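Here is a friendly walk through one predicted model, from a single helix up to a whole chain. Have the sequence and the structure at hand as you read.

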Amino acid sequence: MRADLIDIRVEDHGDDVEISLSGSLGVFQFPAVCEKIEMLTSGPGVFFFLNLQRAHFKAKEYLDFFLEVLDRVRSQNSTLVLIFSNEEQKNYFARYRNIFEIYESREAYKNSGMAKQLNQIGIHYGKKTGLRVTPGVAIAGAVFIIGWAITLFLIIAAQGRDIADKQAQIIALQSQKDRYVREIDKLESSIGPLRKLGVVQDTSVLSSFGVIQDWVSYLEYLENTRREE
Amino acid sequence: MKPTISFVLQLSPATAYENLGDVARNLLDGLDVLLNSGLVKCSIFMDGPTIEMLRKKAKPLTFGKIKNGIREGILEFLGGGFYDPMLPLFPESVQSQQINNHRNLLNKCFDVEPQGYFNSSLVWEMGMTAVLERSGFDYALVSEAAIQDALGRSTPVSGWFTIEDKGAFMRLVPVADALSAAIENDSLDWRNIAAPYCRGGKSAVVVLNVPPQAAEIVGFFERLVDFVETNEIQTWPVGYAVNQLNSEGSLSYLISAGRKLGLPPTARSCRDMLIRRPEINLLQKSFLSLFRRAEDALEPKKFEAFCEKLLPSMSPMFFRDLCNEEGMQSLNVRQWGYRYLISAARELDDITDFSGLRMEVCDYLRLGRKLVSVENREFSGLLDYYAGGVLRSYCSKSSSVSLLNSWRDDGEPSVAFLDCLLPNMDLSPTKIELVLGGRECMLADPYDYQIYRADSGSEVRLLEEQGFTLGDKRGVFHVEKNFGFQTDSSEVKVTYNIGNSTYLESRCFFGTLFELGILGNSDGSGIFVDGKPVKWDKKTPFVYPEATTLDIRDYALNCVFHLKFKDPAYLFVGAVFGATASAAPEVFQGICVYPFWRTDLNVMTERSFAITMSVTKRGRS
């Protein structure tokens, strides 16, 4: 079959496939166009953009054919988008404008709202992974995941607060300790000259139990003090 | 009575010069001679790159002197295209862009608005009238032969005529062809030839070519001044002559095939070139394809900026059937033309952020039948399924090389994957060369095509029965030929399934022909079979037995052509020669590669072959 009066262009961008038809599409070209479009849409691809901007339809048969293509593409879990902006095509597709997705360009489709983009992502991953979920399950799953994430966040936030309190206490105690050390140093320095004269006996080392680490030392200490007495 | 002559000095398009800087320096000296004498009042045409080079090389006050000469009416600068293209071959928007770029440059350098339009090829078609009027030209120079043809007379024509097309109007000034030739060749009879042109005080327009060799330019200007002085000739710039003289009448229709294009005298239009030479047609259609794609994809401002990249490939050099680096018969000129187009294609890919694989089934060459155009970021190609499933073009984007760029004197295009059967007999390499050169025993019947898309690329399946004649024997093969293209590589994998669907045993050599326009600037080295270098004298053909891979490394073009065979093949390598001006076929136009296999196709049996072809940059595998 040779489609001699029509030009066909295929741009394969991985998931996006743009098929452009141009020329006069009459009854004689119908079988050739059907063959080529079916052949091209049966391969891989998530979004099939059918650019008809430069096509001139001279027969009604193409409308039913495009409906069939739409059905087939949907059955492959893909999306069919018609691309055109001229009045001629709008009139031709007027009857089915609610069935077909019609946009002015590929970019216009890609930028056509949040819900659409989510839908595109859904179709993309559905096609890639082979998994399909109903919107109810998807929403329940999303609520569960979001709830789980919020709980996790609250726990982390609470723990964070606790850690912050503890840190504040540590800092306060640290500063208190520093203050005491400074005061002790000050006191020591004030009694320093007296100690040199032998007026004051340094009890901070001798009389404290601080140096005694075990029972043997303690008993030695007791024995020594008693012997002195 | 003194004859009045309007001299028009023209330079070959800038791209013809090897050293434009030297040419510009000598040209400035020549103009200085002309202005100092003050005797020769003439018009001059230079294309954009030459004027830009003049500006670079000019000494202080030189341009001031030229401007002064223009004000005093000694010198008139003619307008035209920036790269001096043959306008009818291109879309109107780029025609205007060429003209406006040249006009702006003249305005910037010499403060002058050109009044007259000149094209060194002197082509004319009616569609140019509106474009030139819109661009603000008052008159255009055309060839005398075209006006004689339009008037139906054979006597010399001078003065100026008017022409109208779709409401647009233009004055046409014929160039006195016979007188130009006489003066250029120093004919002593020039005064007799000039007499009928100058009758009634009319001025004869004489176009003289400024020599392209830098050393001869100043001498040319001195000779011109001397000629005018000695012969007491009155000289007028063309613009002055048009303003002084009355119209000679109106023309209803004018078409001119131009001059110095390599067209036969019977040619009516420069478009004849596209019909005669498939290489020139392919280059022009590649230009148009890029132009249309950019027009569809880009906003007006970006589109105009992109077209600037396309303008150099419109140079008349790429549309002439001339040899000696003046036209497309030269391998270097062909590669040069494609380099401009391939770099523009790369730029368009970047602007449109193109990635993936584009396949288009359309009448690419405007021959009335479809071809499959294939393109990704690495290569672009053209598959002619109608003429035996051959590749008509293969351009590597990474190395900016057009691979199938050889030139055949018989006017056939150079191709790849043209299948050929050789009879089962002991054939010498010279005999094989003759058979392949004459395109005998080819399987070139139309195929039916189907396109299959896969994850990593696409496949074009060609399927048909191909008839063949081998001596007295005739038969039919059922051939399935699959071209596999990938999304991100320059590789083309071709697989064959050939079945003998007749009741005759067909022993023969089956192979496929490649005519490659590479190794033009090599001494024959660069051919590697199975990784081993094979020395070749670029003349004598040879056959290499049992080859699995072939690499042809063109160090000048910075590219490597790879072929890989699934089964070891006999490999024929020969040269494609073209005729020179002396008609001896001795100019190297490319290399012919023909891998082939012995094929014992018994009744109702099938054989398969596979060849992988790719082109990479040197150093990349």
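Let us begin with helix H2 (residues 61-75) of chain A, where helices (H or I, at least four residues) and strands (E, at least two) are DSSP runs numbered from the N terminus. With 15 residues at 1.5 Å a residue, H2(A) should span 21 Å, and this agrees with the 22 Å between its end C-alpha atoms; the expected span is 1.5 Å times one less than the number of residues.

A word on conventions: this is a predicted model, in which local features need pLDDT of at least 70 and side-chain atom pairs count only at pLDDT 80 or more, while totals for chains, interfaces and linings use all residues. Residues are numbered from 1 along each chain as its sequence is written, and chains are lettered from A and ligands numbered from 1 in the order in which they are written.

Which residues of H2(A) are buried? They are A:Tyr62, A:Phe66, A:Val69 and A:Leu70, buried meaning that 20 or more other C-beta atoms, placed from the backbone, lie within 10 Å of a residue's own, and exposed that 12 or fewer do. These buried residues lie on the same side of H2(A), because they cover an arc of only 105° around the axis, the arc being that of the directions from the helix axis to the C-beta atoms. Their packing partners in chain A are strand S2 (16-25), helix H1 (30-41), strand S4 (55-57) and strand S5 (79-83). Turned away from the buried side, the opposite face carries the exposed A:Asp64, A:Asp71 and A:Ser75. After H2(A) comes A:Asn77, with a positive phi near 60°.

Now to chain B, which has 15 helices and 27 strands. Its C-alpha trace spans about 90 × 50 × 45 Å along the principal axes, and buried residues make up 49% of its 621 residues. The domains, whose bounds come from an automatic or database assignment, are these:

| Domain of chain B | Residues |
|---|---|
| domain 1 | 4-251 |
| domain 2 | 277-354 |
| domain 3 | 367-617 |

The C-alpha centres of domain 2 and domain 3 of chain B are 26 Å apart. Their contact takes 18 residues from domain 2 and 22 residues from domain 3, two residues being in contact if their C-beta atoms, placed from the backbone, lie within 7 Å. On the domain 2 side, helix H12 (278-297) and helix H14 (331-352) of chain B each supply at least two residues, and H14(B) gives the most, with 11 residues.
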